[in-house]
Amino acid sequence: MMTTQQTVEVVNCKGSDFEIGLQLARAYLKTPRGRAMKYSETQLPVGFSFKNTQSALQDYAPNIWGELHGIAEGLNISLERAAAEFSNGRLLFPARGCSALMSDGLYGRNYDFAPDRYDGLLAAIQPDNVYASIGFTDRITGRDDGMNEHGLCVGLHHVNEMNWQPGLVCILIVRIVLDQCATTREAVDLLKRLPHGLGFNYSLLDANHNSAVVEASPTGVAVRLGSNLFCTNHFQSNELKSENNRVWEIVEA
């Protein structure tokens, strides 16, 4: 089997929201995706609302709103473009086939996703006003997975985009959990309250070996608890299984 070596940038950020955004932006510019920014178009996504994005972030993640100001300055772009490309805009998410297993205090996860789709940036952040965490960035502010200073691990798993509604995007939801929750119980409670824009599963494990899978859709949220859990790309609950993408069920059968 042939393998391809992948290179990532690693950055350690400390300080205020603005300072962390600035440091992340400078690190992002060292990645292939960051270097390509000067050649990319500046057209905003269809349906993007700067006002709605600002309102959502100020309500649920004010630290990320402050971070965007630093990102805009660090990338030398407008705040509107930063919000559209790196926060809660109408972002498209290619199908991901990632799976996770939580067992005996261990959290294991794979990435069934083309490497060039990632930022290529591993960020350890120590903000002034939320929990410190480490994880691979997605659109700079978001995370595909990560672990925070309390030992809480969380990852996302794509299910479908059939019932899109105004709400938070998956990568920001992972980030918000890392920023604000210390335990699996706190994360489950938060994930029940957040407005979900798309259908995703979220796998959770904390330092006390408590694990959970949160199945989240704009139409509802279901939770699976247990000491040994796995999480893939379809809903298992009776409440949400009708929303599954049949392609995933065939692949995983």
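Helices here are DSSP runs of H or I with at least four residues, strands are E runs of at least two, and both are numbered from the N terminus. By that reckoning, Arg-81 sits in helix H5, which covers residues 79-86. The whole protein has eight helices and 12 strands.

This is a predicted model, where local features need pLDDT of at least 70, side-chain atom pairs count only at pLDDT 80 or more, and totals for chains, interfaces and linings use all residues. Residues are numbered from 1 along each chain as its sequence is written, and side-chain values use heavy atoms, with hydrogens and water left out.

**The overall picture**

The radius of gyration is taken over C-alpha atoms, and the globule rule is 2.2 Å times the number of residues to the power 0.38. For 253 residues a compact globule would come out near 18 Å, and the protein has 17 Å, which agrees. Along the principal axes, the C-alpha atoms fill a box of roughly 45 × 45 × 35 Å.

Burial goes by relative accessible area with a 1.4 Å probe and protein chains only: buried is under 20%, exposed is over 50%, and partly exposed is in between. On that scale, 52% of the 253 residues count as buried. The accessible surface is about 12000 Å², and 51% of that belongs to carbon and sulfur atoms. Those areas come from the Shrake-Rupley method with a 1.4 Å probe, and for residues only the protein chains shown count as cover.

Contact means heavy atoms within 4.5 Å. Take the contacts between residues at least 6 apart in sequence: 61% of them join residues at least 24 apart.

On charges, there are 21 positive and 28 negative side chains, with the centres of the two sets 3 Å apart. Lys and Arg count as positive, Asp and Glu as negative, while His and the chain ends are not counted. Each charge is placed at NZ of Lys, CZ of Arg, CG of Asp or CD of Glu.

**Helix H5 and its arginine**

Is Arg-81 buried or exposed? Arg-81 counts as buried, because its relative accessibility is 10%. Its side chain makes a polar contact of 2.5 Å with the side chain of Glu-85. A polar contact is a pair of N or O atoms within 3.5 Å; within protein, one must be able to donate a hydrogen and the other to accept it, and residues adjacent in sequence count only if both atoms are side-chain atoms. An α-helix has 3.6 residues a turn, so residues three or four places apart point the same way.

Arg-81 has buried company in H5: Ala-82, Ala-83, Ala-84 and Phe-86 are buried too. The cover over the buried residues of H5 includes helix H1 (17-28), helix H3 (50-60) and helix H4 (62-75).

Arg-185 is found in helix H7, residues 184-193. Arg-185 is exposed, because its relative accessible area is 66%. Its C-alpha lies 9.7 Å from that of Leu-205, 20 residues away in sequence.

**Loops and positive phi**

Most residues other than glycine have a negative phi, and most peptide bonds are trans. Two non-glycine residues with a positive phi are tabulated here.

| Residue | Phi | Loop | Relative accessible area |
|---|---|---|---|
| Ile-140 | near 65 degrees | between S5 (133-138) and S6 (142-143) | 0%, buried |
| His-209 | near 70 degrees | between S9 (199-205) and S10 (211-217) | 45%, partly exposed |

Thr-141 lies in the loop between S5 and S6, and at 0% relative accessibility Thr-141 is buried. Leaving aside neighbours within four places in sequence, the contacts of Thr-141 include Ile-64, Glu-67, Leu-68, Phe-86 and Arg-175.

**A few more positions**

Pro-127 lies in strand S4, residues 121-127, and counts as buried at 13% relative accessibility. Not counting residues up to four places away in sequence, Pro-127 touches Gly-15, Ile-20 and Ala-132. The C-alpha atoms of Pro-127 and Asp-179 are 9.0 Å apart, with their positions 52 residues apart along the chain.

Ser-16 is in the loop between strand S1 (9-15) and H1. Its relative accessible area of 26% makes Ser-16 partly exposed. From Ser-16 to Glu-67, 51 residues apart along the chain, the C-alpha separation is 8.2 Å.

Pro-45 is in the loop between helix H2 (32-35) and H3, and is partly exposed at 27%. Pro-45 and Leu-22 are 23 residues apart in sequence and 23 Å apart in space, C-alpha to C-alpha.
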